[in-house]
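Open the structure in your viewer and keep the selection tool ready. We will go from stop to stop, choosing what to select next.

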Amino acid sequence: MATTTLGHRAALRELLGAADSSAAAPELLHLLVQSGLDQLPQPGGGATLARWQALASVAEHDLSLAKLYEGHTDALAILAELHDPLAQVPGNTWGVWAAESPHNRVGLTPAGKGRVVLHGTKHWCSGAAHVSHGLLTAWGSDDTRPQLVRVAMAQRGVQVDAAAWRAVGMADSASVDVVLDGALAHSVGDPGDYLARPGFWHGGAGIAACWYGGALALARTLHRANARVPVAARCPLRLAALGKVDLFLHSTAVILRCAAQWVDDHPYQDAAAVALRARLAAESCATRVLDEAGRALGAAAFCRDARFARMAADLPVFVRQSHAERDFAALAQHVLAAEDGNWCL
């Protein structure tokens, strides 16, 4: 299914709205890929906002699906940015697994012609049991920077271990361990390229759009609860909650739109500060919308509205992908480097 940029969100919503309500996130990811709805504009290519709008639309439907969809589309963007030949191969499904355990790194041994052999365990591999390929960071014996590699999952040297996955929120994202024992992989770029490329922070900001989409789903439930009551009978406390939620969402949407425009205007510049602001704003928005909606709607929304309850369980887990106070401290370093903080209206 080919779609234009303007029609992408509508096509996503139509397909997801018509999908079997019992379909799990991995099944829906494959459906989106088969329908061509994973082909998003490249970050920094002039339509970054459209890319983030697609991510938000998927997140509004299902956050576990959004986690897998964001990883898959991020992988396609990374492969394209680093000029990997698999960037243009249709039908593959991807995960990006770059979290590093300080005591358990994946090691690599060169095998010639860009090939490497992998040993070790990679943690936090969302969707690993269901994707065809993974992009992950590994380390050579003399490396001071990680090497990004791509690995086909269907080989004897790759095993998925779900024993440690006990999540309730974001359960369908299945961020399991991948055990690599002589797995053959291919280098993508040179050591350090994954972190040094401009698109690293573009992708980091894109996750904020997913958090925003989750907050939007909760806000719509609160909106419907107010709208179905006659004007004269509307609860002032619920109205106040909706007013606050409106402010949170509008404020965050402005930050995300400005961030997307900045990325398009400066595609090769360091976007760390822009991305950190977008992520921290979206995290705060998600947390505050969940709090206001939950307080206003009460226990019934958590116990009798399956969609609200699922989103309310998933969203706090997803936003913990933020690094919390460490991200605020990192943003402050960028603010200090900008002389007056660029705070003028």
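**Stop 1: the largest pocket**

Select α4, residues 63–81. This helix gives the most to the lining of the largest pocket, with six residues. Keep in mind as you look that this is a predicted model.

Now add the other contributors. Besides α4, the elements that give two or more residues to this lining are β1 (94–97), β3 (115–126), α5 (193–196), α6 (199–227), α8 (272–297), α10 and α11 (325–337).

Which residues lie nearest the centre of the largest pocket? Select Lys67, Ala98, Ala99, Gln321 and His323. They belong to a lining of 44 residues. The space inside is about 1,300 Å³. Colour the lining by class, and you should get 22 nonpolar, 13 polar and nine charged residues.

**Stop 2: the second largest pocket**

Go next to α7, residues 236–265. With eight residues, α7 gives the most to the lining of the second largest pocket. Helices α1, α3 and α6 each supply at least two residues as well.

The volume here is about 550 Å³. Of the 22 lining residues, select the closest to the centre: Tyr212, Leu216, Arg220, Ala253 and Arg257. By class, the lining splits into 12 nonpolar, four polar and six charged residues.

**Stop 3: a cavity**

How many cavities of 30 Å³ or more does the structure hold? There is one. Its volume is about 60 Å³.

To find this cavity, select Pro43, Arg51, Trp52, Leu55, Glu70, Thr73, Asp74, His202, Gly203 and Gly206. Helices α3, α4 and α6 each give two or more residues to that lining. Three of the lining residues are nonpolar, four are polar and three are charged.

**Stop 4: a helix with two sides**

Select helix α2, residues 25–34. Colour its buried residues: Ala25, Pro26, Leu28, Leu29, Leu32 and Val33. Why do they sit on the same side of α2? They cover an arc of only 160° around the axis, so they share one side of the helix. A general rule helps here: an α-helix has 3.6 residues a turn, so residues three or four places apart point the same way.

Now rotate the view. The face turned away from the buried side carries exposed residues, Glu27 and Gln34.

What do the buried residues of α2 pack against? Show α1 (8–18), α3 (48–61) and α4 (63–81) to see the partners. Then step just past the end of α2 to glycine 36, which takes a positive phi of about 80°.

**Stop 5: three paired strands**

Select β2, residues 107–112, together with β3. The two run antiparallel and are joined by five bridges. Pick out two of the pairs. Glycine 107 has histidine 119 in β3 as its bridge partner. Proline 110 is partnered by valine 116 in β3.

Follow the chain round the turn. β2 and β3 form a hairpin, with two residues between them. In that turn, lysine 113 has a positive phi of about 55°.

Now add β7, residues 175–187. It too runs antiparallel to β3, and 10 bridges join the two strands. Stay on valine 116: its bridge partner in β7 is alanine 185. Valine 116 thus has one partner in β2, proline 110, and another in β7.

As you look along the strands, recall another general rule: in a regular strand the side chains alternate between the two faces of the sheet.

**Stop 6: aspartate 314**

Select aspartate 314, in helix α10 (residues 306–318). Is this residue buried or exposed? Aspartate 314 counts as buried, because its relative accessibility is 2% and the cut-off for buried is under 20%.

Show its surroundings. Leaving aside neighbours within four places in sequence, aspartate 314 is in contact with Leu63, Ser64, Val168, Gly169, Met170 and Ala171.

**Stop 7: proline 90**

Finish in the loop between α4 and β1, where you will find proline 90. With a relative accessible area of 71%, proline 90 is exposed.

Last, set up a distance in the viewer. Pick the C-alpha atoms of proline 90 and proline 43, which are 47 residues apart along the chain. The separation should come to 19 Å.

Notes. Residues numbered from 1 in each chain as written. Predicted model: local features only at pLDDT ≥ 70, side-chain atom pairs only at ≥ 80, totals over all residues. Heavy atoms only, no water. Helix = DSSP H or I, 4+ residues; strand = E, 2+ residues; numbered from the N terminus. Buried < 20%, exposed > 50% of the residue type's maximum accessible area, 1.4 Å probe, protein only. Contact = heavy atoms within 4.5 Å. Arc of directions from axis to C-beta. 1 Å grid on protein atoms, 1.4 Å probe; cavity = no way out; pocket = protein on both sides within 12 Å on 5 of 7 lines; lining within 4 Å. Points joined across faces, edges and corners; volume = space filled by probe spheres on them. Nonpolar A, V, L, I, M, F, W, Y, C, P; charged D, E, K, R; others polar. Pairing = 2+ DSSP bridges.
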